[in-house]
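Let's take a quick tour of this protein and the molecule it holds. Have a look at the picture, then read on.

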Amino acid sequence: MDRIRIRGGKPLAGEIRIGGAKNAALPLLAAGLLTNERLTLTNVPQLADIATMTDLLAVHGVAVEPRDEAGRVLSIGGAITNTTAPYDIVRKMRASILVLGPLLARIGEARVSLPGGCAIGTRPVDLHLKGLEQMGARITLDGGYINAEVTGRLRGGAIILPFASVGATENLLMAAALAQGTTTIDNAAREPEITDLAECLIAMGARITGAGSHRLTIEGVEALHAATHPIVPDRIEAGTYACAAAIAGGELLLRGARFDHLAALGRALDDAGVELSEVEGGVRVRRQNGLRGADVMTEPYPGFPTDMQAQFMAVMAVAEGAAMITETIFENRFMHVPELNRMGARINVHGASAIVRGVYALSGAPVMATDLRASVSLVVAGLAARGDTIVNRVYHLDRGYEALEAKLASCGADIERLTG
Ligand code: UD1
């Protein structure tokens, strides 16, 4: 099994190209189920999760074809021949649940395996199901599967989400695009990936207003059509490399990153003594002096992203003073803490908060993590650790980071992938 070896202590300098957002690409691929015509996506990242979603669409009978050599342009199309999303694929990737809304809206039935628990908490899908029921779907659970059906078309409804769930907002937005009548989604998630999905659906002929706000209004249409859509740059990939520069020191240009999508992280880095600024073509991150402890609390967008919590904690592990990091989105999302502590960090978890007491230096160690962002936080920590850090279970990283070691190595990091 592949591992990544990092020898810490090298400052970073240079440029890293930021790819299309994984968390935008996954719902956009699912949106391809909403029409018989071709949906073409550009700026597609090359990631294991994209391959998993492509496999799932193939199970439904819909082909995802590359239109260029690098696979950055994908064209989705074909008739849906099967409405079952099997356990074998869903268990690999929870975002598979995003086919539920589109299948139901298009075909009137769907059978999707329940995703079940995962490393970062129980993560139920009740909000997805309640919203679809409000739109007229009949939903039953049996044998670990969600069975959903509707007679005729889904109907518009007034949906109020008790929590601004990203996935539920996306599933309901896609379903509502083809429903009969008008749907409102209140307390909708406002993440840039939702706005990106709405923009793509609008290009396909959907009638949506309010994307990026707490209230989405969707006037259902009978059919959607072909469109081409560029995927928004990945703010979490950009934020991760910003943390890499913060911990290693030096200066990076994050080419293609959107500064406006990094505001909460930018404020936290500023508190910590790291400068994030908008420049032509992207975002620049620079650290010249020492790091200071800075408190953060994760919140739905535009708050500090839960997907940046682990990486920021790694940075705080070597800051002067203490930092309190509070996780409000997922329970049990501190799996990286024991591994960071094995590298010499001083972190204590109390309920939903972690107190990080900065240490002078971390020391390299063999480490492993159980989810994507936890794994990458160990790579970030390794950049500042004395000696070698070996990160095991690299398949987690391959789900969400394209060419991680090559991108960091090109900016001066001493990092390599060990295969076999
Ligand atoms: C998405 C992102 C993930 C990110 C998360 C929060 C994708 C593919 N994944 O995940 O990287 O960490 O947003 O920004 O885009 N919840 C319920 N019932 C539901 C749905 C959610 O209780 O029906 C709870 C979850 O358990 C969790 C919270 O709501 O505690 C947030 O989940 P949600 O926003 O839905 O995250 P995902 O869409 O799964």
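Helices here are DSSP runs (H or I) of at least four residues, numbered from the N terminus. Keep in mind that you're looking at a predicted model. Two spots get our attention: the shell around the ligand, and a pair of helices that pack together.

**Who surrounds the ligand**
- There are 17 residues around the ligand, and Asp126, Leu127, Ser165, Asp307 and Ile329 come nearest.
- Helix 5 (126-134) and helix 6 (166-177) each chip in at least two residues of the shell.
- Helix 5 gives the most, with three residues.
- Sort the shell by type and you get eight nonpolar, five polar and four charged residues.

**Polar contacts with the ligand**
- The side chain of Ser165 has an N or O atom 2.6 Å from an oxygen atom of the ligand.
- Leu127 joins in through its backbone, with an N or O atom 2.7 Å from a ligand oxygen atom.
- Pro124 also uses a polar backbone atom, this one 3.3 Å from a nitrogen atom of the ligand.
- On its own the ligand would expose 730 Å², and the protein buries 83% of that.

**Two helices side by side**
- Helix 1 (residues 22-31) packs with helix 2 (residues 48-59) at an angle of about 10 degrees, and their axes are 10 Å apart.
- Angles under 35 degrees count as roughly parallel, so helix 1 is roughly parallel to helix 2.
- From helix 1, Lys22, Ala25, Leu26, Leu29 and Ala30 meet Asp49, Ile50, Met53 and Leu57 of helix 2.
- That contact is made of seven nonpolar and two charged residues, with no polar ones.

Conventions: Residues are numbered from 1 along each chain as its sequence is written. This is a predicted model: local features need pLDDT of at least 70, side-chain atom pairs count only at pLDDT 80 or more; totals for chains, interfaces and linings use all residues. Side-chain values use heavy atoms; hydrogens and water are left out. A residue is near a molecule or strand if one of its heavy atoms lies within 4 Å of it. A polar contact is a pair of N or O atoms within 3.5 Å; within protein, one must be able to donate a hydrogen and the other to accept it, and residues adjacent in sequence count only if both atoms are side-chain atoms. Accessible areas come from the Shrake-Rupley method with a 1.4 Å probe; for residues, only the protein chains shown count as cover. Ala, Val, Leu, Ile, Met, Phe, Trp, Tyr, Cys and Pro count as nonpolar, Asp, Glu, Lys and Arg as charged, and the others, Gly among them, as polar. Axes are lines fitted to C-alpha atoms, for helices over the stretch in contact, and angles run from 0 to 180 degrees between N-to-C directions. Angles under 35 degrees count as roughly parallel, over 145 as roughly antiparallel, 65 to 115 as roughly perpendicular and the rest as oblique. Contact means heavy atoms within 4.5 Å.
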